[in-house]
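User: I have a new model open and would like to talk through how it is put together. Could you take a look with me?

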Amino acid sequence: MSKVAFLLASGFEDSEMKVPYDEVIKAGHQAEIIGLKKNETLLGKKGGVSYAAEKAISEVKAGDYDAVVIPGGSSPENLRRDPDILKFVKEADGAGKPIASICHGPQILISADLLQGRTVTSYPPLKDDVINAGAEFKDEEVVLDRNYITSRTPKDEPAFVRELLKVL
């Protein structure tokens with residue numbers, strides 16, 4: 001089974017973390033929560049769920065994982081300034097590993113300069129940011145482009161999870 005890194009900081013959209021995380025585990029895969037600091041408590045923006053970072057980004061390598069999931073909310077904004085997060089995502093992308101990002105998740109791909117020539121979706125207000133980063137934006141529930149799986153909002157979670165589980 002696959003080992004999946006969930007990149008997470010406080011302020012994540014509750015369901016965009018909980019639903020894929022629970023489904024990945026239910027399907028028999030290993031899910032690991034990677035934060036900026038090990039053991040840090042990470043709170044969802046709606047207060048419905050919280051998680052503890054199992055590992056700090058500074059102590060992991062992309063090569064140790066089969067896929068990466070980037071939940072939305074304000075978590076990506078809190079992660080995108082960290083050089084270790086950007087390095088991790090660039091290494092995962094360079095190895096062709098699946099990177100699934102929903103809602104504001106593509107902000108990390110933008111900061112890592114990985115969207116040039118790609119086709120993605122995101123939370124609709126990020127459309128201009130995605131286009132300015134060199135990507136084609138599609139307003140669809142899930143967009144697949146090589147190793148990227150992107151979705152817009154919590155209502156797209158069923159399609160997002162379906163496509164994530166297919167590649168795992």
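Analyst: Before we start on the helices, a word on one term: a residue is called buried when under 20% of its relative accessible area remains, and exposed when that value is over 50%. Please also keep in mind that this is a predicted model.

User: Fine. Which residues of helix α6 are buried, then?

Analyst: In α6, which covers residues 157-167, the buried residues are Glu157, Ala159, Phe160, Val161, Glu163 and Leu164.

User: And what covers the buried residues of α6?

Analyst: The covering elements include helix α1 (14-26) together with the strands β6, β7, β10 (143-145) and β11 (148-151).

User: Several strands there. What is the order of the strands in the sheet?

Analyst: The sheet is open and has seven strands, arranged as β5-β2-β1-β6-β7-β11-β10, and its pairing is mixed. Because β5 (55-56) and β10 each have a single partner strand, they stand at the edges, and one side of each has no neighbour in the sheet.

User: Let's zoom in on β6. Which way do its residues point, and are they buried or exposed?

Analyst: Strand β6 spans residues 67-70, with Ala67 and Val69 pointing one way and Val68 and Ile70 pointing the other way, and all of them are buried.

User: How is β6 joined to β1, and how does it pair with β7?

Analyst: With β1 (residues 3-7), strand β6 runs parallel and is joined by three bridges, and one detail there is that Val4 has Ala67 as its bridge partner. With β7 (residues 99-102), β6 also pairs in the parallel sense, over three bridges; in that pairing Val69 has Ala100 as its partner, while Ile70 is partnered by Ser101.

User: Switching topic: how many aromatic pairs are there?

Analyst: The structure holds four aromatic pairs. One of them is Phe6 with Tyr21, whose ring centres are 5.4 Å apart and whose planes stand at 80 degrees, so the pair is edge-to-face. Since Phe6 belongs to strand β1 and Tyr21 to helix α1, this pair ties together parts that are 15 residues apart in sequence.

User: Are Phe6 and Tyr21 buried or exposed?

Analyst: Both Phe6 and Tyr21 are buried. There is also a tilted pair made by Phe12 and Tyr51, with 5.8 Å centre to centre and 50 degrees between the planes. That pair links distant parts of the chain, 39 residues apart, as Phe12 sits in the loop between β1 and α1 and Tyr51 in strand β4. Both Phe12 and Tyr51 are buried as well, and the four residues Phe6, Phe12, Tyr21 and Tyr51 form one aromatic cluster.

User: What about Gly44, where is it and why does it count as buried?

Analyst: Gly44 is found in the loop between β3 (41-43) and β4 (50-52), and it counts as buried because its relative accessibility is 8%. Apart from its neighbours within four places in sequence, Gly44 is in contact with Phe12, Asp14 and Val49. The C-alpha atoms of Gly44 and Phe12 are separated by 4.9 Å, although these residues are 32 residues apart along the chain.

User: Last thing, which residues line the largest pocket?

Analyst: The lining consists of Ile57, Ser58, Glu59, Val60, Lys61, Asp84, Lys87, Phe88 and Glu91. By class, that makes three nonpolar, one polar and five charged residues, and the space in the largest pocket is about 160 Å³.

Definitions and conventions: Residues numbered from 1 in each chain as written. Predicted model: local features only at pLDDT ≥ 70, side-chain atom pairs only at ≥ 80, totals over all residues. Heavy atoms only, no water. Buried < 20%, exposed > 50% of the residue type's maximum accessible area, 1.4 Å probe, protein only. Helix = DSSP H or I, 4+ residues; strand = E, 2+ residues; numbered from the N terminus. Pairing = 2+ DSSP bridges. Contact = heavy atoms within 4.5 Å. 1 Å grid on protein atoms, 1.4 Å probe; cavity = no way out; pocket = protein on both sides within 12 Å on 5 of 7 lines; lining within 4 Å. Points joined across faces, edges and corners; volume = space filled by probe spheres on them. Nonpolar A, V, L, I, M, F, W, Y, C, P; charged D, E, K, R; others polar. Phe/Tyr/Trp six-rings, centres within 6.5 Å; stacked < 30°, edge-to-face > 60°.
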